[in-house]
Amino acid sequence: MKTETFHYDNRIVRAFAIATVIWGLVGMAAGLLAAVQLFWPEANLQLQYVTFGRLRPLHTNAVIFAFVGNGMFMGVYYSLQRLLKARMYSDRLSWINFWGWNAIIVGAAITLPLGFTTSKEYAELEWPVDVAITLVWVVFTLNLIGTILKRRERHLYVAVWFYIATAVTVAVLHVVNSLEVPAGAFKSYPIYAGVQDALVQWWYGHNAVAFFLTTPFLGLMYYFLPKAAQRPVFSYRLSIIHFWALIFLYIWAGPHHLLYTALPDWAQSLGMVFSVMLVAPSWGGMLNGLLTLRGAWDKVRQDPVLKFMVAAVTAYGMATLEGPMLSIKSVNSLSHYTDWTIGHVHSGALGWNGFIIFSMLYWLFPRLWNTRLHSVRLANWHFWIGLLGIMFYAIPMYWAGVTQGLMWKQFTPDGFLQYPNFLETVTQIVPMYRLRAIGGSLYLLGTVIGAYNLWRTAKSGVFEPDVEARAVIQDAPRQAEHGHRWIESKPVLFTALTTVAILIGGAVEIVPMYLIRTNVPTIASVKPYTPLEVLGRDLYIREGCVGCHSQMVRPFRSETERYGDYSKSGEFVFDHPFLWGSKRTGPDLQRQGGKYPDAWHYNHMEDPRSTSPGSIMPPYPWLLTRKLDTNALPARIAALRKVGVPYPPGYELGEAQAALAAQARAVVANLALGSITNAPPDTEIIGLIAYLQRLGTDIKAAPSAAAPVAAAIATP
Amino acid sequence: MIRNVLSDIGGVGLYGVISICLFVTVFTGALVWTLLQRPSLMASLGHLPLADGERRRNPEGDSHHE
Ligand code: HEM
Ligand code: HEM
């Protein structure tokens with residue numbers, strides 16, 4: 001047997017590891033600031049840039065793409081080389097991956113506070129950044145496939161399959177969901193509208209969770225858990241079944257984010273069935289991980305790496321039991337829009353992703369720097385403080401979610417809403433928001449301790465950039481291999497098959513939505529937004545109002561009583577993008593138009609507590625002074641026409657501005673009626689008010705288009 | 001509730017049926033294939049993470065099975 005000597009690249013692993021720690025601290029600090037703002041709105045520091053609506057996407061992008069993303073690359077770049085007994089295919093590609101990815105994150109950290117956002121959750125970044133993401137992801141994928149092709153190990157370990165599935169799926173998801181028409185350097189409109197846009201977005205959103213927060217980390221679990229425990233995974237067979245079942249089920253589960261919305265029934269049921277089935281492979285994977293440690297629990301007690309890993313895998317089990325539960329329509333009718341979702345998210349994010357990343361970091365640092373962990377005691381402190389942080393985060397959120405969900409639905413014996421004032425249901429749960437901030441502080445404190453410990457570890461050792469390794473040279477590939485072993489020795493074919501698998505899943509879900517494009521019953525009275533409303537809607541997007549307000553009245557009596565007629569899919573045909581929202585920190589706004597006078601909105605936006613004492617909504621004084629960007633109008637109207645909104649040709653060349661000015665004057669006149677006499681007609685607030693007053697009013701003009709309403713309304 | 005929306009394209013329920021059938025087929029295939037594998041192969045594959053060919057001993061004390 002001939003052997004060959006080569007070197008693993010540890011430099012790239014170190015770079016991603018350091019970035020993971022730094023971005024983790026930044027992202028969690030942003031989360032904590034957001035958490036504090038929810039009981040103390042003044043914590044926005046009077047700055048539009050870090051007001052909740054803009055801070056929330058900054059937090060989610062920083063933790064998901066920066067913290068979890070760098071952590072994923074760190075683990076993949078380390079384990080892939082060793083599983084394949086080969087250095088990465090190209091050092092240059094590795095570094096383009098690193099600097100490109102982190103430049104994108106810096107781009108996000110600049111553009112999101114400035115209000116450049118598409119408003120689509122986890123896909124907020126505007127089109128230039130979208131293009132950059134695509135390029136960097138292609139670089140990563142090429143590097144991955146290249147390494148697989150030049151490997152010295154014949155078989156692909158199951159972790160590598162998870163990495164391949166991740167690379168391919170994220171690429172497809174990102175591209176399909178980001179199809180948009182630019183209307184300026186940092187502004188675009190998606191080619192989809194309304195129901196379609198929502199379906200594509202949550203097909204993406206769910207699979208971003210599945211293929212960014214889950215599959216790569218399952219791969220990492222299958223590598224680092226056996227590695228740290230120094231024993232093979234409990235059942236390799238089970239890991240294969242886990243893999244196929246998971247990727248095949250996940251891709252269909254997206255509609256569980258849209259239950260009881262205006263999405264067609266069949267899609268909702270499909271999402272529900274597949275989500276419930278997901279519990280099986282997920283728990284298979286969890287048990288496979290935990291059983292790997294059978295008979296080695298004494299090690300778990302001593303080794304912080306295993307401690308974090310066990311807690312992470314357990315949290316994965318909890319989140320994947322809870323997730324399918326939340327996908328059951330009746331449970332979702334209570335949980336959706338409440339803090340229950342937030343609790344679910346963070347038990348997954350803090351417990352599963354966070355802890356598995358810490359586990360990897362504690363394992364990697366001593367090895368990268370050829371030394372021992374600085375302090376096992378501090379690592380244990382980190383573990384317990386982090387765990388306590390998760391408890392203090394999750395439990396109050398479940399409490400808040402259930403409490404508020406029930407309050408929204410509570411009727412008096414006479415058939416009136418028990419809490420007709422939405423605000424009452426908010427003030428009830430504000431104490432829970434305070435507790436959550438304590439939980440977040442603890443978790444962040446743990447991370448700071450961890451960062452210190454890792455830093456000291458690195459200082460005490462000597463970094464070894466290139467680690468020498470030896471492998472047996474493989475003889476010429478055998479012919480006649482059969483079954484999966486054959487597929488697995490043909491990684492390109494395997495990649496193609498995975499792609500086909502996820503494309504079929506996506507197509508089955510999305511194609512019918514294309515078909516109904518022409519079949520969504522057009523409601524004759526639903527008209528495109530006026531120019532002033534277009535600009536107002538863009539402000540609604542810029543300020544991230546969708547982070548706290550839904551525009552989707554579900555067909556329950558409790559909602560139609562509170563908000564008005566339930567939402568119809570035909571109402572959204574001009575909504576590029578859709579703004580249904582996924583969390584109701586404030587009330588639904590779809591039927592907002594005409595509910596209050598213009599002056600009410602003016603006062604409310606300037607200082608929400610002047611009209612609604614006790615409200616936790618932040619003030620938006622800058623809307624009253626900033627000038628409306630009417631210069632942007634032509635490009636926006638043109639882009640909207642391109643995506644299918646029927647503005648007449650040439651409309652933007654003069655007519656649109658005249659219409660805008662006329663409507664602005666009307667708003668100013670209305671404001672004067674409410675004794676606001678000094679409002680300049682060219683400020684942003686005017687546009688926003690025009691948009692808010694338009695919301696949901698078109699359908700009211702319709703001569704009872706909704707005859708079967710009464711029959712269709714469900715009373716859960 | 002919005003079932004009327006889709007009444008225009010015939011047999012849309014078919015998509016649900018297709019999905020389930022595809023899933024069941026693939027899943028059964030993977031299951032059967034996996035169960036048919038030789039235990040010795042499965043065991044050796046399971047050991048892959050433990051043998052990375054690194055030539056240095058870690059102070060943390062990894063034992064490499066090679
Ligand atoms: C110190 C730790 C953290 C704190 C204090 C925190 C706080 C928050 C807050 C206040 C929100 C907004 C909730 C709302 O709108 O009501 C949020 C949302 C979110 N956070 Fe965190 N977070 C933390 C860590 C993380 C981590 C580590 C991750 C991911 C790995 C994460 C992922 C998310 C996601 C995905 C959302 C959006 C949830 C949704 O839209 O349903 N967070 N977080
Ligand atoms: C079997 C696995 C899972 C299923 C079936 C599932 C299902 C669900 C459901 C039904 C929702 C609520 C949708 C809504 O009402 O708006 C949800 C939200 C969410 N889940 Fe899971 N979940 C699973 C596992 C996980 C894991 C492991 C994580 C994190 C690592 C996670 C992260 C999230 C996030 C970030 C959201 C918030 C999406 C939003 O912005 O609204 N899920 N999930």
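Where in chain A is A:S675 found? A:S675 sits in the loop between helix 24 and helix 25 of chain A, and we'll come back to that residue further down. One thing to keep in mind from the start: this is a predicted model. The tour below begins with the iron atoms, moves on to the aromatic rings, and ends with some backbone oddities.

**The iron atoms**

- Two histidines of the protein, A:H59 and A:H346, coordinate the iron atom of ligand 1, each through NE2 and at 2.0 Å.
- That iron atom has 6 donor atoms around it, and because the angles they subtend run from 86 to 180 degrees, the arrangement is octahedral.
- For reference, six octahedral donors would ideally give angles of 90 or 180 degrees.
- A:H59 belongs to helix 2 (residues 52-84) of chain A and A:H346 to helix 13 (residues 339-368), so this pair ties together parts that are 287 residues apart in sequence.
- A:H59 has a relative accessible area of 15%, so it counts as buried, since the cut-off for that is under 20%.
- A:H346 is buried too, at 13% relative accessibility.
- Over at ligand 2, the iron atom has a single donor from the protein: NE2 of A:H344, 2.1 Å away.
- A:H344 is in helix 13 of chain A, the helix that also holds A:H346.

**Aromatic rings that pair up**

- Counting over all chains, the structure has 51 aromatic pairs.
- Take A:W137 and A:F212: their ring centres are 6.2 Å apart and their planes are at 40 degrees, so the pair is called tilted.
- A:W137 is in helix 4 (residues 127-149) of chain A and A:F212 is in helix 6 (residues 194-229), so the pair ties together parts 75 residues apart in sequence.
- Both A:W137 and A:F212 are buried.
- Another pair, A:Y540 with A:Y691, is edge-to-face, with 5.4 Å from centre to centre and 70 degrees between the planes.
- This second pair links distant parts of the chain, as A:Y540 is in helix 19 (residues 531-542) of chain A and A:Y691 is in helix 25 (residues 684-694), 151 residues apart.
- How buried are these two tyrosines? A:Y540 has a relative accessible area of 1%, and A:Y691 comes in at 0%.
- Rings can also gather in a cluster, and one aromatic cluster includes A:F16, A:F65, A:F73, A:Y77 and A:W95, along with A:W137 and A:F212 from the tilted pair.

**Charges over rings**

- The charged end of A:R14 sits over the ring of A:F463, 3.9 Å from the ring centre.
- A:R557 does something similar with A:F411, lying over its face at 3.9 Å from the ring centre.

**Helix 21 and the loop before it**

- Helix 21 (residues 598-606) of chain A has several buried residues, among them A:D598, A:H601, A:Y602 and A:H604.
- Those buried residues are covered by parts that include helix 22 (608-611), helix 24 (655-673) and helix 25 of chain A.
- A:D588 is in the loop between helix 20 (557-563) and helix 21, and it is buried, with a relative accessible area of 3%.
- The side chain of A:D588 reaches two backbone nitrogens: that of A:M552 at 2.8 Å and that of A:Q590 at 2.6 Å.
- Setting aside residues up to four places away in sequence, A:D588 touches A:S550, A:Q551, A:M552, A:V553 and A:Y563.

**Chain B**

- Chain B has 3 helices and 0 strands, which reads as α-α-α along the sequence.
- Of its 66 residues, 41% are buried.
- B:A30, in helix 2 (residues 13-36) of chain B, is buried at 12% relative accessibility.
- B:A30 and B:V17 are 13 residues apart in sequence, and their C-alpha atoms are 20 Å apart in space.

**Backbone oddities**

- Most peptide bonds are trans, and most residues other than glycine have a negative phi.
- The peptide bond from A:H576 to A:P577 is cis, with omega near -5 degrees, and A:P577 is in the loop between helix 20 and helix 21 of chain A.
- A:Q230 isn't a glycine, yet its phi is positive, near 55 degrees.
- You'll find A:Q230 in the loop between helix 6 and helix 7 (236-250) of chain A, where it is partly exposed at 30% relative accessible area.
- Back to A:S675: its phi is positive as well, about 60 degrees, although it is not a glycine.
- Is A:S675 buried or exposed? A:S675 is exposed, with a relative accessible area of 62%.

Notes
Residues numbered from 1 in each chain as written. Chains lettered and ligands numbered in written order. Predicted model: local features only at pLDDT ≥ 70, side-chain atom pairs only at ≥ 80, totals over all residues. Heavy atoms only, no water. Donors = N, O, S within 2.8 Å, 3.2 Å for Na, K, Ca; no water. Tetrahedral: all angles 85-135°; square planar, octahedral: opposite > 155°, others 65-115°. Helix = DSSP H or I, 4+ residues; strand = E, 2+ residues; numbered from the N terminus. Buried < 20%, exposed > 50% of the residue type's maximum accessible area, 1.4 Å probe, protein only. Phe/Tyr/Trp six-rings, centres within 6.5 Å; stacked < 30°, edge-to-face > 60°. Lys NZ or Arg CZ within 6 Å of the ring centre and 35° of its normal. Contact = heavy atoms within 4.5 Å. Polar contact = N/O pair within 3.5 Å; in protein donor to acceptor, adjacent residues only side chain to side chain.
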